Amino acid sequence: MPELPEVEVSRMGITPHILQQTVVKVNIHNPNMRWPVPDEVYQIEALPVVAVERRAKYLLLTCELGSVILHLGMSGNLRVVDKAEPLKKHDHIEFIFGNGKALRLNDPRRFGCCLWQAPNECHTLLSKLGPEPLTDAFTAKRVYEQSRNKKTAIKQFIMDNAVVVGVGNIYANESLFKAGIHPKREAGKVSLARYEKLVPIIKETLAAAIVQGGTTLKDFAQSDGKPGYFAQQLLVYGRKGEPCFVCKKNLTEIRLGQRSTVFCSQCQR
DNA sequence: CGGTCTACCTGAAAGC
DNA sequence: TGCTTTCAGGTAGACC
């Protein structure tokens, strides 16, 4: 479920419950995530969590001996509950804290992961990532220069983690609509002026979703277990065949890199 | 190397 | 109703 806003909302939601709390126990109920969960994560036991950070869609729970890296994949979510709360189906990993709370990673499809990173190391998953979209490192100029001679469709280009992290399918569709750019346009043929429009739109779109608590889908729940809410109006995603809010023309859906791509053939060129 | 495709899973929804 | 098929927000790694 999670795109970057959902991951950030999860991070903000779990932080007050677990920051500076000691991890009393790690329970790996099912180690068969995207990669096997390594025994190294037990190193966090008996240590306090000194930082809860996000890089791209990865969450890092840091203690003195290293960091647990968590990724929610496509169907994962994190909840903080009382440790006595019965486990739910697909609660694969849990961290029990000294305050009696349990942080549980629930992930039906198990596309997510739980890995370990030693201090001063940068896990290979994190080492090749592009800039964070909400920082000053993500600029139109940078993306423009990186896109020269790239034949990839602009939509796939902005979803490439080496270009910018955290832009998933929903927000790629939404951002391109707002910027008036056709999702199939060659990235290398998009002008600097258009990147100067697109980049701030990506930032605003993601930031707005974070502020509003993340775009919630299906059973996405806040980290404390309260149901999320549909905060952000999606302009194109999931609206195939419905009228464009701007020009009323029915929205088109195509597949791009096997992903559902919805756009307005009149507003996006 | 750049670009494309597959694979990893479960479950909800659509199709029959 | 029940069985089968399709599709889902991610992304590393294999492949051409």
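pLDDT is the predictor's confidence in each residue, from 0 to 100. That's worth having in hand, since what you're looking at is a predicted model.

**Exercise 1.** Work out how confident the predictor is in chain A, and where pLDDT stays under 50.

*Solution.* Start with the average: chain A comes out at a pLDDT of 91. Next, check the spread: 93% of the residues score at least 70. Then hunt for the weak spots. Residues 215–222 stay under 50, with 29 contacts beyond four places in sequence. Residues 224–231 also stay under 50, and for them the model has 21 such contacts.

**Exercise 2.** Decide whether the radius of gyration of chain A agrees or disagrees with a compact globule.

*Solution.* Chain A has 269 residues, so a compact globule would have a radius of gyration near 18 Å. The model gives 20 Å, which agrees. For the outline, the C-alpha trace spans about 55 × 35 × 30 Å along its principal axes. Inside, there are 6 helices and 10 strands, and 52% of the residues are buried.

**Exercise 3.** Describe the protein surface around DNA strand B, then pick out polar contacts to the strand.

*Solution.* First, sort the nearby residues by class: 2 are nonpolar, 4 polar and 5 charged. Among them are Lys 89, Phe 111 and Gln 258. Now look at the DNA side: of the strand B atoms within 4 Å of the protein, 55% belong to sugar or phosphate and the rest to bases. Finally, go through the contacts:

- His 90 puts a polar side-chain atom 2.5 Å from a phosphate oxygen.
- Lys 151 has a polar backbone atom 2.9 Å from a phosphate oxygen.
- Arg 110 has a side-chain N or O atom 3.1 Å from a sugar or linking oxygen.

Key:
Residues numbered from 1 in each chain as written. Chains lettered and ligands numbered in written order. Predicted model: local features only at pLDDT ≥ 70, side-chain atom pairs only at ≥ 80, totals over all residues. Heavy atoms only, no water. Near = heavy atom within 4 Å. Polar contact = N/O pair within 3.5 Å; in protein donor to acceptor, adjacent residues only side chain to side chain. Nonpolar A, V, L, I, M, F, W, Y, C, P; charged D, E, K, R; others polar. Contact = heavy atoms within 4.5 Å. Helix = DSSP H or I, 4+ residues; strand = E, 2+ residues; numbered from the N terminus. Rg over C-alpha atoms; globule rule 2.2 N^0.38 Å. Buried < 20%, exposed > 50% of the residue type's maximum accessible area, 1.4 Å probe, protein only.
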